[in-house]
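This report describes how the helices of one protein chain pack together and which residues make the contacts. Please examine the sequence and the structure shown below before reading on.

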Amino acid sequence: MMNIKDFAEKVACNPDTLRFYEKMGLLVPARTAGNYREYTVADLATYRIIHSLKRAGLPLEEIQEILCLRSADVDATCCADTLRFITGKHAQFIDNQHFYAELALLTDQMAEALTTSTLSKSELDAMIEELGELDDQVV
C-alpha cells in the first residue's frame with residue numbers, strides 16, 4: 001500500500017493528476033479510515049494502462065471506456081462494440097506509425113544536413129516545408 005505521495009513518486013506523476021484521474025473514475029484507490037488514499041499493485045497496473053493509452057494518443061474518455069471493459073459482462077453486444085472500437089483504433093495506430101516513421105526519416109535527414117554541410121536557407125526552408133506535408137489529415 002502506498003499513499004498518494006509515494007505512488008506519485010513511483011510512477012513519476014503529479015499528485016494532482018492522480019486526483020484528477022480519481023475524479024474522472026479512471027483510478028480510484030481505496031481509502032483508509034482517516035480518508036487517506038491507499039494505492040495498491042492493482043492501482044499501479046491501472047495507472048500503467050492509462051499511461052500507455054495516453055502515450056498512444058487516446059483521450060481520457062476513450063481510456064475510461066477501455067477500463068470499463070474490465071468489469072463488463074462479455075456478451076455479443078460488448079464483443080461487437082469492443083471489436084468496432086479496437087478496429088478503429090488499430091487503423092489509427094497504423095496511420096500514426098506511418099506518420100512517425102516518415103517524421104523520423106525527415107528529421108534524421110535534417111539533422112544530417114545541418115551537421116555535415118553548409119545548408120542554404122532555401123534548402124532548409126524546403127525541408128521545413130516537408131514537415132507540413134507529412135500530415136495528410138490537413139488540407
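Which residues does Leu 67 touch, not counting residues up to four places away in sequence? In this predicted model, Leu 67 touches Leu 26, Thr 46, Ile 49 and Ile 50.

**Leu 67 and its surroundings**

Leu 67 belongs to helix 4. Its relative accessibility is 10%, and Leu 67 therefore counts as buried, the cut-off being under 20%. One of its partners, Leu 26, is 41 residues away in sequence, yet the two C-alpha atoms are 7.3 Å apart in space.

Another partner, Thr 46, lies in helix 3. Thr 46 is likewise buried, because its relative accessible area is 7%. With neighbours within four places in sequence left aside, Thr 46 contacts Leu 26, Leu 27, Leu 67 and Arg 70. Leu 26 is thus among the contacts of Leu 67 and also among those of Thr 46.

**Helix pairs**

Two packed helices are described by the angle between their axes and the distance between the axes. The table gives these values for three pairs.

| Helix pair | Angle between axes | Distance between axes |
|---|---|---|
| Helix 3 (residues 41-55) and helix 4 (residues 60-69) | about 135 degrees | 10 Å |
| Helix 1 and helix 3 | roughly 45 degrees | within 12 Å |
| Helix 5 (residues 76-116) and helix 6 (residues 121-133) | about 165 degrees | 10 Å |

Helix 3 and helix 4 pack at about 135 degrees, and they are therefore oblique to each other. Helix 3 passes helix 4 in a right-handed crossing. On the side of helix 3, the contact is formed by Thr 46, Ile 49, Ile 50, Leu 53 and Lys 54, and on the side of helix 4 by Leu 60, Ile 63, Ile 66 and Leu 67. Sorted by class, this contact comprises seven nonpolar residues, one polar and one charged.

The axes of helix 1 and helix 3 cross at roughly 45 degrees, which makes helix 1 oblique to helix 3. This crossing is right-handed. Helix 1 contributes Phe 7, Lys 10 and Val 11 to the contact, and helix 3 contributes Asp 43, Leu 44 and Tyr 47. The contact contains four nonpolar residues, no polar and two charged.

Helix 5 and helix 6 pack at about 165 degrees. An angle over 145 degrees counts as roughly antiparallel, so helix 5 is roughly antiparallel to helix 6. Their crossing is left-handed. From helix 5 the contact takes Leu 103, Leu 106, Thr 107, Gln 109, Met 110, Ala 113 and Leu 114, and from helix 6 it takes Leu 124, Met 127, Ile 128, Glu 130 and Leu 131. By class, these residues divide into nine nonpolar, two polar and one charged.

**Nonpolar cores**

In soluble globular proteins, nonpolar side chains tend to be buried together. Here the largest nonpolar core has 20 residues, and those with the most contacts inside it are Phe 7, Leu 18, Leu 27, Tyr 47 and Ile 63. Helix 1 (4-11), helix 2 (15-24), helix 3 and helix 4 each supply at least two residues of this core.

Ile 63 touches Leu 26, Ile 50, Leu 53, Lys 54 and Leu 58, residues up to four places away in sequence not being counted. A second, separate core consists of five residues, including Leu 106, Met 110, Ala 113 and Leu 134.

**An exposed lysine and two loop residues**

Is Lys 10, a residue of helix 1, buried or exposed? Lys 10 counts as exposed, because its relative accessibility is 51% and the cut-off is over 50%. Apart from neighbours within four places in sequence, Lys 10 is in contact with Met 2 and Leu 44. The C-alpha atoms of Lys 10 and Leu 44 are separated by 9.1 Å, although the two residues are 34 residues apart along the chain.

Ala 12 is found in the loop between helix 1 and helix 2. Its phi is near 55 degrees, a positive value in a residue other than glycine. Ala 12 is exposed, with a relative accessible area of 70%. Asn 35 also has a positive phi, near 70 degrees, and is placed in the loop between strand 1 (30-31) and strand 2 (37-38).

Note on methods. Residues numbered from 1 in each chain as written. Predicted model: local features only at pLDDT ≥ 70, side-chain atom pairs only at ≥ 80, totals over all residues. Heavy atoms only, no water. Axes fitted to C-alpha atoms, helices over the stretch in contact; angles between N-to-C directions. Helix = DSSP H or I, 4+ residues; strand = E, 2+ residues; numbered from the N terminus. Parallel < 35°, antiparallel > 145°, perpendicular 65-115°, else oblique. Left-handed = near helix turned anticlockwise from the far one by under 90°. Contact = heavy atoms within 4.5 Å. Nonpolar A, V, L, I, M, F, W, Y, C, P; charged D, E, K, R; others polar. Core = buried A, V, L, I, M, F, W, Y, C linked by side-chain atoms within 4.5 Å. Buried < 20%, exposed > 50% of the residue type's maximum accessible area, 1.4 Å probe, protein only.
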